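The following questions ask on what grounds certain descriptive terms are applied to a structure. Each answer sets a computed value against the criterion behind the term.

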Amino acid sequence: MIFGLLGPIIRRKCPQGFVLTEWTRQRYGIITASYLSLLTLVTLFLYMVAELSALQQIINALTGLDGLPAVIVECAVTTIYTSLGGFRISFVTDNIQGVMVVGLIILAVITVGVETHIDTSLIAASGFLEPSLLGWQLIYILPVAVVTNDFFISGFWMRTFASKTDRDLLIGTSIATVAITFILGLVGATGLLAAWTGAYPGNPPQSGSIAFFLLLGQLPAWVVGIVLVMTVSLSTAAFDSLQSGMVSTGSNDLFRNKLNFWWIRAAVVIIIVPVVVVALESPSVLQIYLISDLVSASSIPVLVIGLSERCYWWRGFEVVVGGLGGLLTVFIFGTIYYGSAQEGAYLLLLENGLYGNDWSAFGAFVAAPVGGLLWGFGALVLRLGFQWSQAKVKGHRFDALDRPFPARLSFHTANHTEAEELDPDREQVNTQSTIDIKGKFF
């Protein structure tokens, strides 16, 4: 829903853009845009790792087979058809993904309702219906993590800029919000059912992130077969969007579309190798997402301040210092909380995930945005103080708080010759000139 609300603002400010980094370059300058591009690529890398890690865990849980062959085939297939079809093919697979999600939900609801038998003795033993510290913490953690991290997903911004009108964008995001809420509610409930039927944690114990598939794994073989096909289709559709987003970000942000497109695609193919390696070694899909969420929680709050016209004095220096300072604040919090610098560093990687049964994860997600804002405003004071001192020393006017020109300044010119002045009725030739005003870092 955040794209339906903030998308029109960014579209108006940067009508020629198609990803968030275009507005960032226009508003804050090339250094901040490069910084955001790096964070975007890191996020896409982690998402690709999480996607492949989840796929191989699901295949292993449902069939007992090694998931590596399926992972390799998916990477090869998506690379081939995204190279041939470009980003447009991602729109097609998104439609397929939507159909598969609906089909999977319908199949799961019917078969789980008919075939699943709950062991009532496990309900009380699970403790899931009792209030918990983590439950209250997630009321804050999840919105902060999900909303800020979505800013780094290039595919979302491409669809935001591709919308014909702001009204279409708002309608589309509203429908998606309702649909996703409904789907997540159903899928989330299967975690309870998996525990109450004995499917979770399983033997050997499995990750809670695949509880939905552990529950489906108890169903008849024909259902498991259909679920596998749908799961691979869903994973493929999601993975090709991540590949397309990485290609677009690399081509536009790093090379300004001056490098041959095939070189960018080749680089993405090379990156897939470490993605597969890390995915196979990753013990927790949730931890991968949490690392990405922590990075975004520290960086996005200081970035979006620039959307307000009243904050014209906010520059790229504050964004970069604030984003990095937010992560440093998490480290400082972890060091104080645990009494160990090593544990503070581990908190940046959220080694204990969300299930540490303490305040570490909650504190990290508070420290990241709050610390980022504090560091950002500290950087603002430092910059203004330096520029004021520099103006005094050089005898210049202090202009750091002057309102800048619009990002794109248009004006009309006309050549008035002596003949035109003698003949006022003569037709004049007007030309329109446009000047791009670059965003300032410092």
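Q: What makes the pair Asp166 and Arg12 a salt bridge?
A: In this predicted model, the closest N and O atoms of Asp166 and Arg12 are 3.6 Å apart. A salt bridge requires a side-chain nitrogen of Lys or Arg within 4 Å of a carboxyl oxygen of Asp or Glu. The pair therefore qualifies as a salt bridge.

Q: Why can Asp166 and Arg12 be said to tie together parts that are apart in sequence?
A: Asp166 belongs to helix H8 and Arg12 to helix H1, so the pair links parts 154 residues apart in sequence.

Q: Why is Arg12 called exposed?
A: The relative accessibility of Arg12 is 57%. The term exposed applies over 50%, and Arg12 is therefore classed as exposed.

Q: What makes Asp166 and Arg11 a salt bridge?
A: Their side chains meet at 3.0 Å, N to O. The cut-off is 4 Å, so the pair of Asp166 and Arg11 counts as a salt bridge. Asp166 lies in helix H8 (residues 166-196) and Arg11 in helix H1 (residues 2-13), so this pair ties together parts that are 155 residues apart in sequence.

Q: Why is Arg11 called buried, and why is Asp166 called partly exposed?
A: Arg11 has a relative accessible area of 13%, and buried means under 20%; Arg11 is therefore buried. Asp166 has 28% relative accessibility. That value falls between the limits of 20% and 50%, so Asp166 counts as partly exposed.

Q: How do you know that Asp402 and Arg397 form a salt bridge?
A: The N to O distance between the side chains of Asp402 and Arg397 is 2.3 Å. Because the criterion is a distance within 4 Å, the pair is counted as a salt bridge. In the whole structure, five salt bridges are found.

Q: Why do Asp402 and Arg397 receive different exposure terms, partly exposed and exposed?
A: Asp402 has a relative accessible area of 31%, which lies between 20% and 50% and so makes it partly exposed. Arg397 has 59%, which is over 50% and therefore exposed.

Q: What makes Arg11, Arg12 and Asp166 one network?
A: Salt bridges that share partners join these residues. Asp166 pairs with Arg11 and also with Arg12.

Q: Why are helices H6 and H12 called roughly perpendicular?
A: The axes of H6 (residues 133-150) and H12 (residues 285-304) cross at roughly 75° and come within 8 Å. Angles of 65 to 115 degrees count as roughly perpendicular, and H6 and H12 therefore carry that description. Where they meet, H6 contributes Val144, Ala145, Thr148 and Asn149, while H12 contributes Ser292, Asp293, Ser296, Ala297 and Ile300.

Q: Why is Ser360 called buried?
A: Ser360, in helix H15 (residues 360-394), has 4% relative accessibility. The limit for buried is under 20%, so Ser360 is placed in that class. Apart from neighbours within four places in sequence, Ser360 is in contact with Phe333, Tyr337, Tyr338 and Leu347.

Q: Why is Asn357 called exposed?
A: Asn357 has a relative accessible area of 70%. Exposed means over 50%, so the term applies to Asn357. This residue lies in the loop between helix H14 (341-348) and H15.

Q: What makes Leu122 partly exposed?
A: Leu122 shows 27% relative accessibility. Since partly exposed covers values between 20% and 50%, Leu122 is assigned to that class. Leu122 is located in helix H5 (residues 121-126). Leaving aside neighbours within four places in sequence, Leu122 is in contact with Ala195, Trp196, Thr197 and Gly198.

Q: Why is Ile106 called partly exposed, and which nonpolar surface patch does it help to make?
A: Ile106 has 47% relative accessibility, which lies between 20% and 50%, so it counts as partly exposed. Ile106 is in helix H4 (residues 68-115). Together with Val102, Val109, Ile110 and Val114, Ile106 makes a nonpolar surface patch of about 460 Å².

Methods
Residues are numbered from 1 along each chain as its sequence is written. This is a predicted model: local features need pLDDT of at least 70, side-chain atom pairs count only at pLDDT 80 or more; totals for chains, interfaces and linings use all residues. Side-chain values use heavy atoms; hydrogens and water are left out. Patches are made of residues with over 30% relative accessible area and no salt bridge: like charges are joined within 9 Å, nonpolar side chains (Val, Leu, Ile, Met, Phe, Trp, Tyr) within 5 Å. Accessible areas come from the Shrake-Rupley method with a 1.4 Å probe; for residues, only the protein chains shown count as cover. Helices (H or I, at least four residues) and strands (E, at least two) are DSSP runs, numbered from the N terminus. Buried means under 20% relative accessible area, exposed over 50%, partly exposed in between (1.4 Å probe, protein chains only). Axes are lines fitted to C-alpha atoms, for helices over the stretch in contact, and angles run from 0 to 180 degrees between N-to-C directions. Angles under 35 degrees count as roughly parallel, over 145 as roughly antiparallel, 65 to 115 as roughly perpendicular and the rest as oblique. Contact means heavy atoms within 4.5 Å.
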